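This report is a short introduction for a reader who has not met the structure before. Please look over the sequence and the model, then read on.

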Amino acid sequence: MAEPESLLEQLRGHFGDRLADARIEYGEATVEVRPEELVAVMAELRDARDWRFEQLSDIAGVDFAAYGDDEWITEDATHSGFSRGVINPDFGRLGLTGIYGVQEVHEQTGRRFAAVYHLLSLTHNHRLRVRCFAPDDEMPMLPSLTDLWPSANWPEREAFDLYGIVFEGHPDLRRILTDYGFVGHPFRKDFPLIGNVEPRYDPEKGRVIYGPVEIEPRVLVPRVIREDNRYRGQQRAARTEDRADG
Amino acid sequence: MAEFQSYTLNFGPQHPAAHGVLRLVLDMEGETVRRADPHIGLLHRATEKLAESKPYNQSIGYMDRLDYVSMMCNEHGYVRAIERLLGIEPPLRAQYIRTMMDEVTRILNHLMWLGSHGLDVGAMTAFLYTFREREDLMDVYEAVSGARMHATYYRPGGVHRDLPDRMPKYEPSPYRSDKELREMNRARQGSVLDFLEDFCERFPGCVDEYETLLTENRIWKQRLVDICPVSPERAVQLGFTGPMLRGSGVAWDLRKKQPYAAYDRVDFDVPVGTNGDSYDRYLVRVEEMRQSVRIIKQCIDWLRANPGPVRIDDPKVSPPTREEMKDDMESLIHHFKLFTEGYCTPPGEVYAPVEAPKGEFGTYIISDGANKPYRVKVRPPCYYHLAATDEMIRGYMLADVVTLIGSLDVVFGEVDR
């Protein structure tokens with residue numbers, strides 16, 4: 001497998017400022033591209049002789065609205081101890097009070113929704129991850145890559161379905177995984193894990209109707225971010241690796 | 001003469017040849033398919049969202065339920081991604097066990113595929129034969145992990161436990177004679193490795209049996225040869241991987257090209273098709289089963305000769321043994337922390353692909369430093385194969401739809417996730 005370092009070096013040399021970010025993490029090359037240049041850069045990545053990314057392996061929609069938020073204050077609460085990890089029924093949504101603090105929705109940053117493309121070159125046997133943020137949080141839009149790679153069709157539909165990212169120029173942007181008539185984009189961080197509605201049989205009407213969910217949400221293990229000694233060694237190792245690469 | 005008009009046909013989701021819950025809306029012109037619109041998502045369980053709400057280890061079991069006929073390969077993809085995040089490397093014995101179990105899984109998957117594909121196309125007998133062998137491999141699954149299908153056997157840093165020394169035996173029952181019982185338990189006298197070795201001895205003969213039933217069978221060839229061919233260039237563009245890509249003549253196998261586990265230490269060949277039609281894909285998969293037997297044999301030999309640890313010796317990631325916990329406070333704390341909170345991974349993102357029986361199964365994990373993944377994205381190979389249905393089936397007959405779906409080897413657990 002080709003070295004990601006040399007690949008990234010070539011890409012930096014060729015694209016220069018057109019790459020908003022380029023780095024190596026865990027031995028994998030990642031570049032960030034601005035949406036207005038996405039199609040042009042991707043076309044070059046596909047066709048240029050040095051890269052030949054013939055295959056678009058995957059597209060992942062990501063919602064960064066809660067990145068770095070935890071549900072449990074790890075350091076300050078040691079005196080008082082912890083209560084149970086079950087709280088109010090709205091748990092699992094953002095913008096609500098966690099056990100030891102308020103979680104904010106990081107909105108209107110222009111870096112909430114992103115599509116992450118994984119490219120694979122069969123000729124040179126290397127991989128590249130391309131990330132592109134949608135500038136508008138209210139109406140995330142990105143150009144479609146279906147003209148470059150036909151395999152972009154379904155994953156773009158999926159990212160639209162689950163995250164509401166609109167792919168401009170997609171020939172057939174319908175929902176794909178959720179139910180017919182589904183409302184909302186379920187993988188967004190402000191969509192509750194238990195959902196909003198559930199179907200049930202209504203004996204009076206004699207048919208199945210949708211009503212609000214009646215599941216009681218429970219969090220058995222709260223989300224914890226720790227920066228203690230346990231993981232520091234590995235983080236350090238990863239960071240030094242980064243420095244050596246970049 | 002009456003004028004033919006196109007009409008719409010609803011194929012599935014309750015059709016027995018729809019391999020689960022595929023709904024195909026077909027625009028037909030007489031018997032010819034003009035357009036196919038697959039409706040998927042009827043088995044959508046939001047696995048990726050569920051994984052965001054759980055500590056890393058608790059989602060391993062969910063991976064089994066994605067492609068529910070190649071369970072351990074899915075676990076392998078997920079576990080590899082976590083290992084990359086943590087920067088740990090499982091011991092070599094664990095790598096060999098994983099390689100061996102991945103190949104067992106590949107045979108399991110291909111047997112399921114062969115049986116049901118045959119059944120769809122009208123060759124009922126092969127189904128009965130393949131399920132006979134499948135049962136033996138299920139027993140191997142049960143012996144190593146305790147579960148016939150949803151094993152949850154792989155762990156970050158190795159596998160749950162070492163291979164057992166004894167193979168479970170059939171018990172006496174009023175419904176079978178002592179002679180039958182002896183015959184059934186003949187291969188089960190030794191360890192799991194002995195049982196697998198015995199399986200590897202007789203399995204190539206079984207594959208010969210399937211091939212006698214199908215390969216030169218006139219009906220089978222009429223239904224498969226030249227049905228829905230894909231050119232190598234197109235296969236790459238459409239995102240094909242695994243046997244679908246190799247059937248089109250592209251020699252691309254992650255086990256060779258980007259080796260993981262112990263695949264760079266074992267010897268095997270990668271079969272490649274020439275025409276890219278359904279028949280070639282059939283031949284490729286049948287040959288893959290034979291190659292898997294080769295790999296399993298090499299793994300058995302190595303595993304016999306090299307005992308050792310099967311899990312990384314890092315109590316932050318891998319739980320201590322019961323004995324350690326009983327007389328060591330530190331181990332008790334580690335155990336408690338691991339099972340209440342789990343472990344935090346350093347922030348960053350990784351993509352870990354494995355060559356699952358159906359193609360490239362990739363797991364993309366974004367971590368923000370918490371004990372739960374921030375985002376998990378699974379790349380299911382069948383998703384891309386199924387997306388190409390429309391293009392592949394246009395101009396073919398209704399009966400070929402069944403052949404194509406069989407030849408795609410789709411499982412909706414992973415398409416819908």
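What percentage of the 417 residues of chain B count as buried? The share is 61%. The structure is a predicted model, and this applies to every value below.

**Chain B as a whole**

Chain B is built with 18 helices and 8 strands. Its radius of gyration is 23 Å, close to the 22 Å that the globule rule gives for 417 residues, so chain B is as compact as a globular protein of that length. Along the principal axes, the C-alpha atoms of chain B fill a box of roughly 90 × 60 × 40 Å.

**A negative surface patch**

Six acidic residues are listed in one negative patch on the surface of chain B: B:Asp313, B:Glu323, B:Glu324, B:Asp327, B:Asp328 and B:Glu330. Which helix gives the most to the negative patch? Helix H13 of chain B, which covers residues 322–327, does so with 3 residues. B:Asp328, another member of the patch, sits in the loop between H13 and helix H14 (329–340) of chain B. B:Asp328 has a relative accessible area of 33% and is therefore partly exposed, since that class lies between the 20% limit for buried and the 50% limit for exposed.

**Two residues with positive phi**

Most residues other than glycine have a negative phi. Chain B includes two residues, neither of them glycine, for which phi is positive: B:Cys228 and B:Arg417. The table sets out their values.

| Residue | Phi | Relative accessible area | Place in chain B |
|---|---|---|---|
| B:Cys228 | near 50° | 1% | loop between helix H8 (218–224) and helix H9 (232–237) |
| B:Arg417 | near 55° | 1% | segment after helix H18 (412–416) |

Is B:Cys228 buried or exposed? B:Cys228 counts as buried because its relative accessibility is 1%, and buried means under 20%. B:Arg417 is buried as well, with a relative accessible area of 1%.

**A residue of chain A**

In chain A, A:Leu11 belongs to helix H1, which spans residues 4–15. With a relative accessible area of 2%, A:Leu11 is buried. How many residues apart along the chain are A:Leu11 and A:Phe64? They are 53 residues apart, and a distance of 26 Å separates their C-alpha atoms.

Technical notes
Residues numbered from 1 in each chain as written. Chains lettered and ligands numbered in written order. Predicted model: local features only at pLDDT ≥ 70, side-chain atom pairs only at ≥ 80, totals over all residues. Heavy atoms only, no water. Patch = residues over 30% accessible without salt bridge, like charges linked within 9 Å, V, L, I, M, F, W, Y side chains within 5 Å. Areas by Shrake-Rupley, 256 points an atom, 1.4 Å probe, with all protein chains shown as cover. Salt bridge = Lys/Arg side-chain N within 4 Å of Asp/Glu carboxyl O. Lys, Arg positive; Asp, Glu negative; His and termini not counted. Charge placed at Lys NZ, Arg CZ, Asp CG, Glu CD. Helix = DSSP H or I, 4+ residues; strand = E, 2+ residues; numbered from the N terminus. Buried < 20%, exposed > 50% of the residue type's maximum accessible area, 1.4 Å probe, protein only. Rg over C-alpha atoms; globule rule 2.2 N^0.38 Å.
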